[in-house]
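Here is a short briefing on one protein chain. Keep the sequence and the 3D view open while you read.

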Amino acid sequence: MMAVAKAISDNPLINISFDGVDKVIKHKNINIGMAAALPDGNLIVPVIQKADTLDLPAMATAVNDLATRSKKAELLPDEVIGGTYTVTNVGVFGTVIGSPIINQPQSAILALGAIRKMPRVITTEGKDTIAIRSVMYLSHSYDHRVINGALGGTNISKDRIVEIALLKIFPDGNKESKTLLVNPEIPIPEDAAKVHGCRQNNQNTVVLPTKNQVDYQKMETIGFIHFTTNTFTDKEWGYGDEDPQIFNPTDLNVEQWVLAAKGGGLKQLILTAKHHDGFCLWASKYTEHSVKNSPYKNGKGDVVREFVDACRKHGLKVGLYLSPWDRNHKDYGKPAYLTYYRNQLKELLTEYGAINEIWFDGANGGDGYYGGANETRKIDRKTYYDWENTFQMIKKIQPNIKIFSDKGPDVHWIGNEKGFAGKTFWSTLTNAHLLVGTSKTKYLNTGDPKGKKWIVGQCDVSIRPGWFYHKDQDKKVKTPQSLVDIYYKSVGRNAVLLLNLPPDRRGLIHEKDVEVLKTYKAIIDETFAENFTKNAKVTAAQNKPTAQNVLDGKLATHWSADKLPATLTLNLENEKTFDRIMLQEPIQLGQKISAFQVDVFFRGKWKKVFEGLLLVGCSQKNHRQKPNVIIMFIDDMGYGDIGCYGATGFETPNLDQMATQGMRFTNYYAAQPVCSASRAGLITGCYPNRIGFSGALFPTDTMGIHSDEYTMAEMFKDQGYATACFGKWHLGHHKKFLPLQHGFDEYVGVPYSNDMWPHNNVTGERLPKGSEIGNLPELPLISGDETIETITDLKGQDKLTTLYTEKALDFIDRNTKNPFFLYVPHSMSHIPLGVSEKFRGKSEQGMYGDVMMEIDWSVGEIMKALKKHNIADNTVFIFTTDNGPWLNFGNHAGSSGGLREGKTTSWEGGQRVPFIIYYPDMVPKGVVCNQLANAIDLLPTLASVTGGKLSDNKIDGVDISSLWKGDFDVAPRQSILYYYGKNHLNGVRKGNWKLVLPHTYQSYDTKPGNDGYGGDRIKKVVEKPELYNMVRDPGEQFNVIEYYPEKVAALMKLVEEARKNLGDLNVGMPKGLETREIGKL
């Protein structure tokens, strides 16, 4: 025995050292002395001693004794020899280990990826214990020698050992782990990556998750339940003075919560046992502010007990949230409160069984009731809660619990409440510099590739705008499609999705929320129901035998390459159509893949369809990014104001190029022939009169878009798009009507038309108060919801086109990695015309031509930005206008291109306008579409293209995406309604036929104005219905009604239907059966 032991000592496994028992590794004077194998295949290295005190006989005797014992393989305190350090955990990776291997029975050869666990760590005589947790070897050759008995020598050389994971255990039970590279100057052999997936980038550490963390991450989606007195006060944060008597749910059914969550695929629920108001959902013996003083079950109720029992009954794991901040407790902010808080934690952790997660947020300190003090209290967030000792207490009570906070230690906040992890997200962090409640949100959102600890990222988001239930949000529940998008941006990026489901005052998850959750789960299930790679042939240039492992669905097996770059090819045999791909990395071995690319063989060549900066997690579910959407909406531009539509006197090369590379329409209509109404139709998909809009809103008006209307921006936002509006809004100038309240993240612009100011539109002179115009306020330039400056002269008007363009370019630059919706409603070419110096005097047509050239420049700058960022092909770029030209302004107005009349009329010149779409991934190049289309069609069409949902309210738009694809065989839109005025139906069109109804209008058939001054208009009356053929007579010059009575009869059916549903003041019907109210203050 001694001879064998001496051989091992002379050729030590590892040379590392400690400068004292509580120091980090320094240099070479510690030897691992012995290695043994038990019959069950576990390896034992029982003793580490300092080299100058190595007791070989004692080591040999002890090892031999252990090796001949039972398979239990426990190291007991009286059997620990040496007394200084104890090694009790060795995990070995790989099919073969060493050259030759540590001698062990043939049955102990390890399978690929397997880790053999050693006996538990033991602390002896109050000293620190160092445990080697895993050793990674880098050689494939195996010279198996079996020596009779379980003890054998080894010839493993220290320069073949690459990574050693050390665990330091202090006498008080605290642990500190470290992974180091032994001999980092020795190159890692190429064959290392094949077996172990080692990084080949000289990184010294691979941080690994615990088994608990891997199991936690496998849950993928979990739920949150926010339910307390806030539910009954309609607040998000209670003040702490709430009477417990208000907590009185009428039909509380916790099983309904659990079944709803389970139906949505959630694997765990977390309950707000106490929120910031301090009200406890269990009868805590430390406070009277709880359910025991509520009417619920006559004060005998225990919502926490009902919750944990229901979760366990239906197989969901249990989590609890106990708010650190308590606005009710009299001692909050004082040392006594910490004792109170820990006592409540102990109640929850000792009286309700195993808890899988305890959740702590960062809301700490502020105003509150505080036992009647009604004051503001602030705390030192660094020290007040003594988190480290609180965490130790929790782990002592429940060792397997996962602790969530801004800094972990097991799970950490992702840095936002949108549910999105960073596109590049590492599960490793260094959390020593993080504090609970003072987060570094960007750091948390991306993780840290050099982080020292594995801490799972958690993405929290509510299914509603608020975290607690509010009845007025019943129509604002996230759509199933938006939840799917959040799923891809959380679970698909290696995080866990925490979805909040707030019960209502009945004590039930609202039916709308349940249905959305169910539909979301169905979409996910259907998306991944069929695996096209199931029977695929997998080939790889490197490590070929294990390539097929990528398809076996097991986390424990995997494929890795010998060297980089590496390629794995899947032959699907038959052509498949797909838009999702799921890639996984075995995270139990750490995060090692830092870049990847997906190519498909398409039309005879390989085409890149996706690339990522980081492949992470149990599950990386990638899909091609939804297309970006840009709508540039011009003001008062005519049908003939673009080169490709016949403009003369100025050039529009960027718009002409856009039409050449995309599609232009010849029968596209604005929703109405005037500002506000037209924009309302665009943004909601409704005829404007359906939602109460008519004409143009003025600064004196107190109305605007209703909060119940579901806007285009909200449709995009619900899918996870970044949204912005830069330009003229004109759907209400009071805060409740502004863009940020209707789906836009950002807004800079003017709230109404640029001529609605107290100045002369030609000279810029300030008009005296007392007149209608002179009493108007100065034109505000708004950012977000606040006025940042006022425009008081014509020079201010000159900067608007450039300003909006620069804002748009900045927004694009900031959102190249995420889908975005950019709405650019230019103030121009509305009077007073404004143009920057770079275009002033450039056109042959004067000021109007200059303005159009600058608008064309704006198009070109945006197109350049898209191409610079390589996102042009995946961007829908639409250019159109709100209505036809304001013709009575003469040379300061546009051209109707030969169409009759202009703005504010229901003749073709008022509503038929240019429309150009550029979207290379869908739209064929250089095509002209002659089919009918309307601005109200854009919302449903874009919803179809991007996967968005439509409003629960009825809309009038139709999906015209087939036209965008070049399929003109079927006409999605069959008819057009020409509404104007307060609610006057002035005409209808079906196919090629337009019926003009009797009505009064203001005609431009008189002398126009000049150089910014408006000319006269004359009143005209259509006495009887008129019929026009829009193909032969688009200028509406030849009334053919007497020749086609059957056409008139068919069109009159449309008229009657429209009057019934939407009304018609021309026949004394101010409202229809389906009209809704405009928003009001």
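What follows covers the sheets, the helix packing, the salt bridges and one buried residue.

This is a predicted model. Eight strands close into a barrel. An open sheet has 10 strands. The salt bridge count comes to 47.

**The barrel**

- The strand order in the barrel is 9-10-11-12-15-16-19-20, and the pairing is parallel.
- Neighbouring strands of this sheet are turned by 25° against each other on average, with direction ignored.
- Strand 16 (residues 411–413) pairs with strand 19 (residues 456–462) over three bridges, in the parallel sense.
- Val411 has Val456 of strand 19 as its bridge partner.
- Helix 7 (residues 303–313) lies across strand 9 (221–225), strand 10 (268–274) and strand 11 (317–322).
- Helix 7 runs at about 155° to strand 11.

**The open sheet**

- The order here is 34-33-32-31-35-27-36-37-28-38, with mixed pairing.
- Strand 34 (786–791) and strand 38 (927–929) stand at the edges. Each has a single partner strand, so one side of each is left without a neighbour in the sheet.
- From one strand to the next, the twist averages 15°.
- Strand 27 (residues 628–634) and strand 35 (residues 820–825) run parallel, joined by five bridges.
- Ile630 stands opposite Leu822 in strand 35.

**Helices lying across the open sheet's strands**

- Helix 13 (residues 653–661) lies across strand 28 (663–665), strand 36 (875–881) and strand 37 (915–918). Its angle to strand 37 is about 65°.
- Helix 20 (residues 938–946) lies across strand 27, strand 36 and strand 37. Helix 20 runs at about 165° to strand 27.

**Helix against helix**

- Two packed helices are described by the angle between their axes and the distance between the axes.
- Helix 6 (residues 254–263) and helix 12 (residues 511–527) have axes that come within 8 Å and cross at roughly 30°. That makes helix 6 roughly parallel to helix 12.
- Helix 6 brings Gln256, Ala260, Ala261 and Gly263 to this contact, and helix 12 brings Val514, Leu517 and Lys521.
- By class, the contact of helix 6 with helix 12 has four nonpolar, two polar and one charged residues.
- Helix 13 packs with helix 18 (residues 847–868) at an angle of about 55°, with their axes 7 Å apart. The two helices are therefore oblique to each other.
- From helix 13, the contact uses Pro653, Asn654, Leu655, Met658 and Gln661. They meet Asp856, Trp857, Val859, Gly860, Met863 and Lys867 in helix 18.
- The contact of helix 13 with helix 18 divides into six nonpolar, three polar and two charged residues.

**Salt bridges**

- Side chains of opposite charge can pair when their charged atoms come close.
- Glu306 forms a salt bridge with Lys297, and the closest N and O atoms are 3.3 Å apart. Lys297 is partly exposed, with a relative accessible area of 47%.
- Asp952 forms a salt bridge with Lys512, and here the closest N and O atoms are 3.1 Å apart.
- This pair links distant parts of the chain, 440 residues apart. Asp952 sits in the loop between helix 20 and helix 21 (961–964), and Lys512 in helix 12.
- Asp952 counts as exposed at 58% relative accessibility. Lys512 counts as partly exposed at 24%.
- Arg690 forms a salt bridge with Asp956, with 2.8 Å between the closest N and O atoms.
- This pair also links distant parts of the chain, 266 residues apart. Arg690 is in the loop between helix 14 (675–684) and strand 30 (703–704). Asp956 is in the loop between helix 20 and helix 21.
- Arg690 is buried, with a relative accessible area of 3%. Asp956 is buried too, at 15%.
- Asp635, Arg679, Lys728 and Asp882 are joined into one network by salt bridges that share partners.

**A buried threonine**

- Is Thr946 buried or exposed? Thr946 is buried, because its relative accessible area of 3% is under 20%.
- Thr946 lies in helix 20.
- Not counting residues up to four places away in sequence, Thr946 touches Lys626, Pro627, Val629, Met715, Phe716, Gln719 and Tyr721.

Conventions
Residues are numbered from 1 along each chain as its sequence is written. This is a predicted model: local features need pLDDT of at least 70, side-chain atom pairs count only at pLDDT 80 or more; totals for chains, interfaces and linings use all residues. Side-chain values use heavy atoms; hydrogens and water are left out. Axes are lines fitted to C-alpha atoms, for helices over the stretch in contact, and angles run from 0 to 180 degrees between N-to-C directions. Helices (H or I, at least four residues) and strands (E, at least two) are DSSP runs, numbered from the N terminus. Angles under 35 degrees count as roughly parallel, over 145 as roughly antiparallel, 65 to 115 as roughly perpendicular and the rest as oblique. Contact means heavy atoms within 4.5 Å. Ala, Val, Leu, Ile, Met, Phe, Trp, Tyr, Cys and Pro count as nonpolar, Asp, Glu, Lys and Arg as charged, and the others, Gly among them, as polar. Two strands pair if DSSP finds at least two bridges between them. A salt bridge is a side-chain nitrogen of Lys or Arg within 4 Å of a carboxyl oxygen of Asp or Glu. Buried means under 20% relative accessible area, exposed over 50%, partly exposed in between (1.4 Å probe, protein chains only).
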